[in-house]
Amino acid sequence: MDKVQRTFVRVAAAVPLVRPADVGANLESVRGLLRDAAAECAQAVVFPELCLTGYTCADLFYQPYLLDSAERALADLVPACGDMLVAVGLPVRVSGRIFNCAAVIAGGRLVGVVPKTYLPSTHEFYEARWFASALEATDTEVTLAGATVPFGNDLVFDREDGSVFGVELCEDMWTANPPSTRLTLRGANVILNLSGSNELVGKTEYRRSLVLGQSARCLSAYVYAGAGVGESTTDLVFGGHTLIAENGALIAEGGRFERTPQLTIADVDIGFLDFERSANYAFRTAAHTVGEVRTIHLNPEAVTSKETTRPLRRRVDPHPFVPCAFADRNARCEEILAIQSTGLATRLEAIHAKDVVIGLSGGLDSALALLVCVEAFDRLGLDRKGIHAFTMPGFGTTKRTKGNAELLCEGLGVPLETIDITAMSRQHLADLGRDESVKDITYENTQARGRTYLLMDKANQLGGIVIGTGDLSELALGWCTYNGDHMSMYGVNSGVPKTLVKYIVKWYAEEKVEGISAKALLDILATPVSPELLPANADGTIAQVTEDKVGPYELHDFFLYHFMRRGAGKEKLRRLALTAFAEVYDAETIAKWLDAFFRRFFSQQFKRSCLPDGPKVGSINLSPRGDWRMPSDVSFTEYVK
């Protein structure tokens, strides 16, 4: 049959209320959580280690009665799992040894048993006293709960819908060579971990870092369920910690020390994980360094229309380029400016230049570029008088933007000259035989190219270089004049999207400067984004607002991030945007600007194919020498139909 490809898989980490050695009560708690998970449309559920018996049964694990009770409980549990893939923990006898195992159930039948590989046997742990390691196993099959199924730590479970599961148990993750490494290199994109980890001061943070780190190394989702508070407290306390991670990012986390059964649910993006793997040569190469696995092919569940219409169970950040936590703001902005200014400083040193030329519009991008110049000159110990700023008012320049450019330069100690381009632009239009009353693209670009012409010649005159001000969002949309503001000698903002430009400028105004510089930056932030190439309104306000023409930059930055960084196609982008901007934009607005994004992104590649040098700042860049290579005449019909 054809595979039914799914992008999101709903996973759950479940913590039942366990009583040591009370298998019947434990089974009922597990059943209850399975019912809850099914009601939430979960497709895979992982329970804690040894949860059918309790992790803390100690020498009772030797007792045949406890082992038989666990097997009977498993047999009762199998039909209760429905279409879900379920991993549940219990002790299992195999060829005279007892193994700490995960029983994997799918489609209402037992499909495999995974024994624990690494047994903690130091400090408070004594697992080697009771259990054998998977490394000691001589059997590749086991008969359990009336079924004969594969047995081993080399199993992956393929649902034939794009989701492939691997299983490991607690300590397996804490070792230098986790089984999940091999499983993911051999195809698993979701790892389920059944754990019995106890709580100690500081252990939570370490545990979280291990889960996030392993999911990042394995380019996988990682679903972790820890033993809960019902375990014995003879010497230890268990908290029931649950974690769901995706390629190093925490998607969901449950509370600890809860005295009722807990279920932590999230949708993990296996489409993104597979996209990431396909582009990662090191990951593909590493697959040759590990042993083979046994793949168990499962029948996919029926996929209904609910799959793509139900709300996502995960937070989708509407501003993926901007740090979520305010506490990270200083460090993140300092780092971005350090990358930008170091790139410029190193370039100036390499070409033995002590002068730069920059055009200031009084807008966001040129303000950030000026701040980068200031930081670079300070790094080099150069006089800021070597920063030659020019404001070049034309047909649409307003007093507000020109005034802000003047205030900013005054506050930063940067010299500013004014060159009015109105007469030059009129002459050029006359030379072209154009009527100035026709406010078309020629009218606009005459000004944009004229400014670049002047800046380039000024750089020649001063022995310096022209600093580009355009940002990553404008490059993505092609919102720049070819061989106008599109061109420079070093583009310091080329790796910074518009939403991040706003974030950095705001931070700089609040944390790095004061007085008229801060005042100017804050008013620049409050000014509508505009190229100011059309005459102002009668009251002197900006008439040409960029986002009225191309759409909201926050939407386009969102589309850009998920298209380039996470491989999202049109339908997935629409669904993600509806989740992220549920309170901001309706479906019609999102669909309109999504089409506009794809039309502009594909049709404007020719501008990106000849970009000036500029530093990569984040995970996305559009340099033809770096992250993005695409034919300028590529068809984009599939994205906009």
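The paragraphs below walk through the confidence, helices, cores, aromatic pairs and one loop of this predicted model.

Residues are numbered from 1 along each chain as its sequence is written, and side-chain values use heavy atoms, with hydrogens and water left out. Because the model is predicted, local features need pLDDT of at least 70 and side-chain atom pairs count only at pLDDT 80 or more, whereas totals for chains, interfaces and linings use all residues. The pLDDT is the predictor's confidence in each residue, from 0 to 100. Its mean over the protein chain is 95, and 98% of the residues reach 70 or more. Residues 1-5 fall below 50, and this stretch has 9 contacts in the model beyond near neighbours in sequence; a contact means heavy atoms within 4.5 Å. Residues 302-306 are also below 50, with 3 contacts beyond near neighbours in sequence.

We can begin with helix H1. Helices (H or I, at least four residues) and strands (E, at least two) are DSSP runs, numbered from the N terminus. H1 covers residues 23-39, 17 residues in total, and reaches 24 Å from its first C-alpha to its last, close to the 24 Å expected at 1.5 Å a residue; the expected span is 1.5 Å times one less than the number of residues. Its buried residues are Val23, Asn26, Leu27, Ser29, Val30, Gly32, Leu33, Leu34 and Ala37. Here, buried means under 20% relative accessible area, exposed over 50%, and partly exposed in between (1.4 Å probe, protein chains only). An α-helix has 3.6 residues a turn, so residues three or four places apart point the same way. The cover over the buried residues of H1 includes strands S1 (8-15), S2 (44-46), S3 (85-94) and S14 (262-269), together with helix H2 (64-77). Just after H1, cysteine 41 adopts a positive phi of about 65 degrees.

Helix H19 (residues 553-564) also agrees with its expected length: its 12 residues should span 16 Å at 1.5 Å a residue, and its end C-alpha atoms are 16 Å apart. This helix is largely enclosed by the rest of the structure, because 11 of its 12 residues are buried. Among them are Tyr553, His556, Asp557 and His562, as well as Phe558, Phe559 and Phe563.

Phe559 is also prominent in the largest nonpolar core, which has 89 residues; Leu344, Phe559 and Phe601 are those with the most contacts inside it. A nonpolar core is a set of buried Ala, Val, Leu, Ile, Met, Phe, Trp, Tyr and Cys residues joined through side-chain atoms within 4.5 Å. Helix H11 (residues 364-380) supplies the largest share of this core, 11 residues. Leaving aside neighbours within four places in sequence, the contacts of phenylalanine 601 are Ala476, Leu560, Phe563, Met564, Arg608, Leu622, Trp628 and Met630. A second, separate core of 52 residues includes Ala12, Val92, Trp130 and Ala227.

Aromatic pairs come next. Rings of Phe, Tyr and Trp (its six-membered ring) pair if their centres lie within 6.5 Å; planes under 30 degrees apart count as stacked, over 60 as edge-to-face and the rest as tilted. The whole structure holds 28 such pairs. In one of them, phenylalanine 558 and phenylalanine 559 meet edge-to-face, 6.4 Å centre to centre with 70 degrees between the planes. Phenylalanine 558 has a relative accessible area of 0%, and phenylalanine 559 likewise has 0%. Phenylalanine 602 and phenylalanine 636 are instead stacked, at 5.9 Å and 25 degrees. That pair links distant parts of the chain, 34 residues apart: phenylalanine 602 belongs to helix H21 (residues 587-603), and phenylalanine 636 to the loop between helix H22 (605-608) and helix H23 (637-640). Phenylalanine 602 is buried at 5%, while phenylalanine 636 is partly exposed at 22%. Both pairs' residues appear in a cluster linked by ring pairs, which includes Phe558, Phe559, Phe602, Trp628, Phe636 and Tyr639.

Finally, phenylalanine 238 sits in the loop between strand S11 (221-226) and strand S12 (242-246). This residue is buried at 2% relative accessibility, and its C-alpha is 8.0 Å from that of glycine 226, 12 residues away along the chain. Glycine 239, in the loop between S11 and S12, is buried at 4%. Its C-alpha lies 7.3 Å from that of glutamate 258, 19 residues apart along the chain.
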